[in-house]
Amino acid sequence: MARLPQLAVFDLDYTLWPFWVDTHVEPPFHKSRDGSVRDSNEKIIRLCPEVPNVLEHLHGLGVSIAAASRTSEIQGANQLLELFNLTQYFAHKEIYPGCKVTHFERLQQKSGIPYSEMIFFDDEKRNIIDVSKLGVTCIHVQSEMSLHTLTKGLETFAKS
Ligand SMILES: [Mg+2]
């Protein structure tokens, strides 16, 4: 079997969901009677559709999962993870503005997992460039996070 990472780290905005939580939607969020997640203007908020399967698949493989986001809307981001029932998957969450090197330094300290055993998915090139320098296998998410992107990423990790 191919070598697996010990920790998979995900950006949030435009990686797990298709918007900026501090710009395009209006916190606080809630679950409405029809089961949809909505913002304070009753606008329906959606996840990238394959994200629950992506996280469930990694969980099944025994890979730990973390979030690393630079959003300033910290409460809203945590609330969305909760409302979409994703909090259960995340062993660690680093959600605050600033260079993602800080997020990864803290993830490394908290998890004890070396950078070489981590994989990171993010839509922004600047984060990929910063975090690559640590020795993390970084995957640039071109559209939204999908099972296909996960498979490709794990293949890249196995060859690293
Ligand atoms: Mg992003």
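**Magnesium site, sheets and cores of a predicted model**

Q: How are the donor residues of the magnesium ion spaced in sequence?
A: In this predicted model, the donor residues of the magnesium ion follow the spacing D-x1-D-x109-D. They are Asp11 (OD), Asp13 (O) and Asp123 (OD).

Q: What makes Asp11, Asp13 and Asp123 donors to the magnesium ion?
A: A donor is an N, O or S atom within 2.8 Å of this metal. The coordinating atoms of Asp11, Asp13 and Asp123 lie at 2.0 to 2.1 Å, so they count as donors. Water is not among the atoms, so the site may look incomplete.

Q: Why is Asp11 called buried or exposed, and what of Asp13?
A: The term buried applies under 20% relative accessible area. Asp11 has 6% and Asp13 has 9%, so both are called buried.

Q: What makes the contact of Lys100 with Asp11 a salt bridge?
A: The criterion is a side-chain nitrogen of Lys or Arg within 4 Å of a carboxyl oxygen of Asp or Glu. Between Lys100 and Asp11 the N to O distance is 3.0 Å, so the pair qualifies. Both Lys100 and Asp11 are buried. Asp11, Lys100 and Asp122 are also linked in a network of salt bridges. By this rule the count of salt bridges comes to eight.

Q: Why can the pair of Lys100 and Asp11 be said to tie together parts of the chain?
A: Lys100 belongs to helix α3 (residues 100-111), whereas Asp11 is in the loop between β1 and β2 (30-31), so the pair joins parts that are 89 residues apart in sequence.

Q: How do you know that Arg38 and Asp34 form a salt bridge, and is each residue buried or exposed?
A: Their side chains meet at 3.0 Å, N to O, and the limit is 4 Å. Arg38 is buried, because its relative accessible area is 16% and the cut-off is 20%. Asp34 has a relative accessible area of 54%, and exposed means over 50%, so Asp34 is called exposed.

Q: What makes Arg126 and Glu124 a salt bridge, and why are both called partly exposed?
A: The closest N and O atoms of Arg126 and Glu124 are 2.7 Å apart, within the 4 Å limit. The relative accessibility of Arg126 is 43% and that of Glu124 is 26%. Buried means under 20% and exposed over 50%, so values in between are called partly exposed.

Q: What makes the order β6-β5-β1-β7-β8 an open sheet with edge strands?
A: Five strands form this sheet, with parallel pairing. The edge strands are β6 (90-95) and β8 (137-140), each of which pairs on one side only. From one strand to the next, the twist averages 20 degrees.

Q: How do you know that β1 and β7 are paired?
A: Pairing requires at least two bridges between the strands. Strand β1 (residues 7-10) and strand β7 (residues 118-122) share four bridges in the parallel sense, so they pair. Leu7 stands opposite Met118 in β7.

Q: What makes β3 and β4 a pair in the other sheet?
A: Strand β3 (residues 37-38) and β4 have two bridges in the antiparallel sense, and at least two are required, so the criterion is met. Arg38 stands opposite Ile44 in β4. This open sheet of three strands has the order β2-β3-β4, with β2 and β4 (44-45) as edge strands.

Q: Which residues touch the most other members of the largest nonpolar core?
A: This core has 37 residues, of which Phe10, Trp17, Leu58, Leu80, Leu86, Phe90 and Met145 touch the most other members. Elements giving two or more residues to this core include β1, α1 (51-61) and α5 (147-159). A second, separate core of 14 residues includes Ala68, Tyr115, Met118 and Phe120.

Q: Why is Leu150 called buried or exposed, and which residues does Leu150 contact beyond its sequence neighbours?
A: Leu150, in helix α5, has a relative accessible area of 1%, and buried means under 20%, so Leu150 is called buried. Beyond the neighbours within four places in sequence, Leu150 is in contact with Val54, His57, Leu58, Phe121 and Met145. With the same exclusion, the contacts of Leu58 include Ala8, Phe10 and Leu154.

Conventions
Residues numbered from 1 in each chain as written. Predicted model: local features only at pLDDT ≥ 70, side-chain atom pairs only at ≥ 80, totals over all residues. Heavy atoms only, no water. Axes fitted to C-alpha atoms, helices over the stretch in contact; angles between N-to-C directions. Core = buried A, V, L, I, M, F, W, Y, C linked by side-chain atoms within 4.5 Å. Buried < 20%, exposed > 50% of the residue type's maximum accessible area, 1.4 Å probe, protein only. Contact = heavy atoms within 4.5 Å. Donors = N, O, S within 2.8 Å, 3.2 Å for Na, K, Ca; no water.
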